[in-house]
Amino acid sequence: MRVPRIALLSLATASTLLGAGRTVSFEKEIKPILEARCVKCHGASLQLGKLDLRSAQSALKGGEKGPAYTAGNPAQSILYKRVAGVEKPAMPMDGTLTPAEVEALKLWIEQGAKWESEIGKVATKNPLQELEESKLPPGAREWWSFKKPVRVAVPRVSDTRWSKSPIDAFLKKEWDAKGLQPAPPADKRTLVRRAYLDLLGLPPTPAETREFVNDQRPDAWSQLIDKLLASPHYGERWGRHWLDVARYADSNGYEHDFDRPNAWRYRDYVIRSFNRDTPFDRFLLEQLAGDEVENVTDDTLIATGFLRNYAKVGFREKDNPQFRFDYLDDMIATLGRGVMGMTVHCARCHNHKFDPILQRDYYRLQASLYSYIEVEHPLVPKDQATAFRQKNEELDAKTGKLKNRIAEIEDPYKLVLVKPKYKRFPKNVQEAIETPEELRTPGQVLLANQIIRTTRVSSEEVARHLKPQELEEVRKLRAEISALEEQRPAPIPVAMGITDGDYRFVPDGAGDEPAPGKGVKRELTEGSYLHKGPGPYVAPPSFFLYGGDMYSPGGLMKPGFVSVLFENEPPVERPPADRRTSGRRRALAEWLASADNPTVSRVMANRIWHHHFGRGIFATLDNVGKTGERPTHPELLDWLAVDFREGGWSIKRMHRLIMNSQAYQMASSYTSEGNLSKDIDNTWLWRFRQQRLDAEVVRDSILATAGSLNTLMEGPAVFPVLPRETLLSMRNGIWRKQNDGPETWRRSVYVYRKRGLPFPLFEVFDLPDQTITCGRRNVSTVATQALTLMNNEFVLDHSKRFAQRVRELSPRDKSEQLELAYELALSRPPTAEERRIGKEFLEKNSMEDLTHVLMNLSEFLYIR
């Protein structure tokens, strides 16, 4: 890392002024620092980065980053730059040195870095063991979110308006205490539009609006909610919220961004699950362990795509096992933030800095997931899947022999022809390739593998150098291969998912007794493979990794969970009767949804609340730790969490509970000077919060208002037309060419999610990062949004279709057309002033101009 010159100058200047004129004592000042803070990671027990700081000789020999220091020159000394914090990662790993200690090291290096003695052995207890044996600090479980939620008695309320719902009673208690006056009820037109956009992500038609406005039944509102929850479009809207949590995408991401042709099946599974109101505990179980449940179905196998949704480098684990640990870290981050509301992944390299999450907890959780392998689950009867596999294996064996013979002929030529291609790479890359494989450093292994794998010599190039008889033999072999490929059976439907399998990555020295990493021993096939028996499945070993470094293993880790969230250890394995898998993921899912887990019901109840009200009871949806925000209404939160769990984990039941409250039905346009002076941010929810539509709902509302929306559900993703310059920026992956018409005018949940090229209309309206779990979307107001709505070809085209729809419904009467345009776009007639301005506008402009204006109104883009 290059350190800014000004940073080094300022540090040097400050320390010179502080330490000018004195000589640093190695024995009294430097040796105690190295003994206490450095050699436990760079000494006898461990030598992270291959750096040993016990003697002048070993320090100057250095490690992977070179010598520890340059005598006389602190600015070029990695030891000084790391402890001073001007080069990352800052050292030591367990804290920081004092300014006086940093100054002493700097002056010592300036004065020649003289050693008067070597550093003796460090403490007998291995620091790995200390970390592995860490205990929770006293009072760790006293934080609000680590205590089990308790359903307290609902406050008594005398006002009849606020006494019918527990939600209203809890809110009213706080309003009264703070002197806030709640808003009056919203009008029926506002409510019906609010409900449709909230539950379906679509605006109501004029007929649907009139139906509710004219419904005089006392339970008209609750009947409307039931109707919307029964709509198949409900799952398309609320499933999208969960897809943010699941970091769903249709491509791998990263440099190659390969297509995931079967990822869409997981998306459709989520939509179906929300539509049929799958209990949330079962929903979690299917996604974590759908292959381990008693009654495995296509849907439970598809559900395992949840854990496999991680962004993926386009290389094989065989080439870089580090990727596997990164994917496991992504799983842990997703489960931690998305389900538990905890940043468990921050404990990968050390105990969590803020929350009582031990590094041991991280690696026990990793052990619960470690045995996963990627599979394509066949979605056909077993005998059909077996026949398909056997036929392909037979053909693979035959074509494999032919391909091997072609390789025997071509490979000697390729070895010669590829060498000149390596010359275009930097010298260090060429050296890595030229170094014998068994002598390469870990860095050289990565460099060499990447370049050797991606630098190709084509068969066409080889053909120009083959002897005539060799060329003829290759031609015949390829013809035989083509004939065999014609015999391939038709593809069967498969789902992208996971299961337990046999995977091995065992660093040297790994075991029950911690030992320093000394390289790596690999027992790894081409990827991972299914367990084929005989006998019950046994999960592969997983180790504690000091500093998160896969080459610095500690002891063997047993599966387990986050210890601050339980007092008595729950079961950590729940294998199926046939022992085909370990049952570790099932045990994890069951613990997450148990009554003993204090966070999961809170996090999901709060997530539902957030999507209804625009802000959670605690605003940091995916962080209930000490760096997250505390709940504004803790008693209400706990009441909802317990009710959610004891009510069968029904999400639709939670919708009914929340939306039937008077709080949900309040007006958003209410203004009170007294309220504003006490709670300008509406933290205490004295009026309904206006909410900007999510990106997908903006597009869907445009399509629905224009009458263009294709409501076909499920199936492979669609590829709306992109500008040519956008397509030219795409380096890898796919974006299929489809006609701009009904084929692509489907709900936005079905638009292809390409990690390397987010759909531009979605991106401008705050589409979240599709590579990580997202708890709460950012909501911005920027000029590019207005410019997009004014100039985007899709918006312009559908504003014209909107105008055509208006003319078709009311061919001659412009006044009626004006009324209809407002009803379609905003679910209400124009006000008297809007009617006057609209008529004047239409005298000078076209209906297309008016409909375009309506699609640009804030009211069109917000739930009010």
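Q: What makes Phe26, Ile30, Lys31, Ile33, Leu34 and Cys38 of α2 a one-sided set?
A: In this predicted model, these residues of α2 are buried. They cover an arc of only 150° around the axis, which places them on the same side of α2. The buried residues of α2 pack against α5 (99-110).

Q: How do you know that α2 (residues 26-38) falls short of the span of a straight helix?
A: The helix has 13 residues, and at 1.5 Å a residue a straight helix would reach 18 Å. The end C-alpha atoms of α2 are only 15 Å apart, short of that value.

Q: What makes Ser25 a cap of α2?
A: A side-chain oxygen of Ser25 lies 3.1 Å from the backbone nitrogen of Lys28, at the N-terminal end of α2. A polar contact requires N or O atoms within 3.5 Å, and the 3.1 Å separation satisfies this.

Q: Why is the pair of Tyr363 and Phe544 called tilted?
A: The ring centres are 5.3 Å apart, with 45° between the planes. Pairing requires centres within 6.5 Å, and planes neither under 30 degrees nor over 60 apart count as tilted; the pair is therefore tilted. Tyr363 belongs to helix α16 (residues 359-369) and Phe544 to strand β6 (residues 543-545), so the pair ties together parts 181 residues apart in sequence.

Q: Why is Tyr363 called buried or exposed, and which term applies to Phe544?
A: Buried means under 20% relative accessible area. Tyr363 has 0% and is therefore buried; Phe544, at 0% relative accessibility, also counts as buried.

Key. Residues are numbered from 1 along each chain as its sequence is written. This is a predicted model: local features need pLDDT of at least 70, side-chain atom pairs count only at pLDDT 80 or more; totals for chains, interfaces and linings use all residues. Side-chain values use heavy atoms; hydrogens and water are left out. Helices (H or I, at least four residues) and strands (E, at least two) are DSSP runs, numbered from the N terminus. The expected span of a helix is 1.5 Å times one less than its number of residues. Buried means under 20% relative accessible area, exposed over 50%, partly exposed in between (1.4 Å probe, protein chains only). The arc is that of the directions from the helix axis to the C-beta atoms. Contact means heavy atoms within 4.5 Å. A polar contact is a pair of N or O atoms within 3.5 Å; within protein, one must be able to donate a hydrogen and the other to accept it, and residues adjacent in sequence count only if both atoms are side-chain atoms. Rings of Phe, Tyr and Trp (its six-membered ring) pair if their centres lie within 6.5 Å; planes under 30 degrees apart count as stacked, over 60 as edge-to-face and the rest as tilted.
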